[in-house]
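Please open the model in your viewer and keep the sequence panel beside it. This tour suggests what to select at each stop and describes what you will find there.

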Amino acid sequence: RGLEANPDDEALQTFPALAAQRADCDFDAARTLLAELPAETTSRPRATYQAWNLAMTIGDYAQAMELARRLAIANGDPDGGADLELALAQVEHGQLAESRTVLVRAREKFGRQITEPGRPVQLVADSLSDLALVNVLLGDREVALEQMHRALELVDRDNVDALAAVDVQ
């Protein structure tokens with residue numbers, strides 16, 4: 001019914017693939033559902049991220065790196081719009097030296113995001129959570145723990161919506 005009312009809604013278009021992957025662990029169905037999306041949807045951020053997530057889940061790290069590059073373009077920032085996703089795929093693919101450069105760039109970006117004036121608390125918490133993951137991958141575990149605690153405090157203090165809170169947690 002949602003798609004009937006909003007046929008161009010990217011979130012609704014990609015949700016069946018997400019449900020197949022996460023709820024049913026049916027990766028073939030998720031792949032098929034993503035392949036059946038309208039052409040204009042497959043290049044948009046949510047669909048590209050979902051395809052990246054599926055590639056990471058099934059261990060196709062070379063494909064995940066390519067999808068991270070496409071995600072950066074879809075996000076409107078070809079030089080860093082999906083640094084965390086690219087670095088995660090590089091780490092899993094064994095490209096540790098390459099990932100370090102990307103992780104340092106991501107750390108700088110997320111560091112700027114958490115101090116942006118007027119940035120919604122939910123987005124600050126998300127950026128802190130991402131920054132913590134970056135710092136874990138860079139070996140700065142103590143800093144990462146502090147950032148995770150700050151993100152969780154923001155979520156608890158400001159009653160961030162349940163879905164966003166789960167992402168941070």
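Helices (H or I, at least four residues) and strands (E, at least two) are runs assigned by DSSP and numbered from the N terminus. The model is predicted, so local features are described where pLDDT is at least 70 and side-chain atom pairs count only at pLDDT 80 or more, while totals for chains, interfaces and linings use all residues. Residues are numbered from 1 along each chain as its sequence is written, and side-chain values use heavy atoms, with hydrogens and water left out.

**The whole chain**

Begin by selecting the whole protein chain and showing it as a cartoon, where you will find eleven helices and zero strands. The radius of gyration, taken over C-alpha atoms, is 17 Å, close to the 15 Å that the globule rule gives for 169 residues, so the protein chain is as compact as a globular protein of that length. That rule is 2.2 Å times the number of residues to the power 0.38. If you turn the view along the principal axes, the C-alpha trace spans about 45 × 40 × 30 Å.

Buried means under 20% relative accessible area, exposed means over 50%, and partly exposed lies in between (1.4 Å probe, protein chains only). With these cut-offs, 36% of the 169 residues of the protein chain count as buried. Now colour the charged side chains, taking Lys and Arg as positive and Asp and Glu as negative, with His and the chain ends not counted. The protein chain has 16 positive and 29 negative side chains, and the centres of the two sets lie 4 Å apart, when each charge is placed at NZ of Lys, CZ of Arg, CG of Asp or CD of Glu.

**From α2 into the loop**

Next select Arg 22, which is found in helix α2 (residues 10-22). Is Arg 22 buried or exposed? Its relative accessible area is 52%, so Arg 22 counts as exposed. Draw a distance from its C-alpha atom to that of Leu 54, which is 32 residues apart from Arg 22 along the chain, and you should read 9.4 Å.

Move on to Cys 25, in the loop between α2 and α3. Cys 25 has a positive phi of about 55° although it is not a glycine. This deserves a pause, because most residues other than glycine have a negative phi. Cys 25 counts as exposed, at 51% relative accessibility.

**Helix α5**

Select residues 45-58, which form helix α5. The expected span of a helix is 1.5 Å times one less than its number of residues, and for the 14 residues of α5 this gives 20 Å, which agrees with the 20 Å between its end C-alpha atoms. Show the side chains of its buried residues, among them Trp 52, Leu 54 and Met 56. Contact means heavy atoms within 4.5 Å, and the buried residues of α5 pack against α2, α3 (27-35), α4 (39-42), α6 (61-74) and α7 (83-92). Just after α5, look for Gly 59, which takes a positive phi of about 85°.

**Helix α9**

Select residues 121-137, which make up helix α9. With 17 residues, α9 reaches 24 Å from its first C-alpha to its last, close to the 24 Å expected. Its buried residues include Val 124, Ser 127, Ser 129 and Leu 131.

Which residues does Ser 127 touch, not counting residues up to four places away in sequence? They are Phe 110, Gln 113, Ile 114 and Arg 119, and Ser 127 itself is buried at 3% relative accessibility. Ser 129 is also in helix α9 and is buried, with a relative accessible area of 13%. Leaving out residues up to four places away in sequence, Ser 129 touches Met 148, Ala 151, Asp 167 and Val 168.

Leu 123 has its place in helix α9 as well, but it is partly exposed, with a relative accessible area of 35%. Its C-alpha atom is separated by 16 Å from that of Ala 82. Just after α9, Gly 139 takes a positive phi of about 90°.

**Last stop: Leu 152**

Finally, select Leu 152 in helix α10 (residues 141-157). Leu 152 is partly exposed at 30% relative accessibility, and its contacts, not counting residues up to four places away in sequence, are Val 168 and Gln 169. To link this stop with the previous helix, draw a line between the C-alpha atoms of Leu 152 and Leu 123, which are separated by 12 Å.
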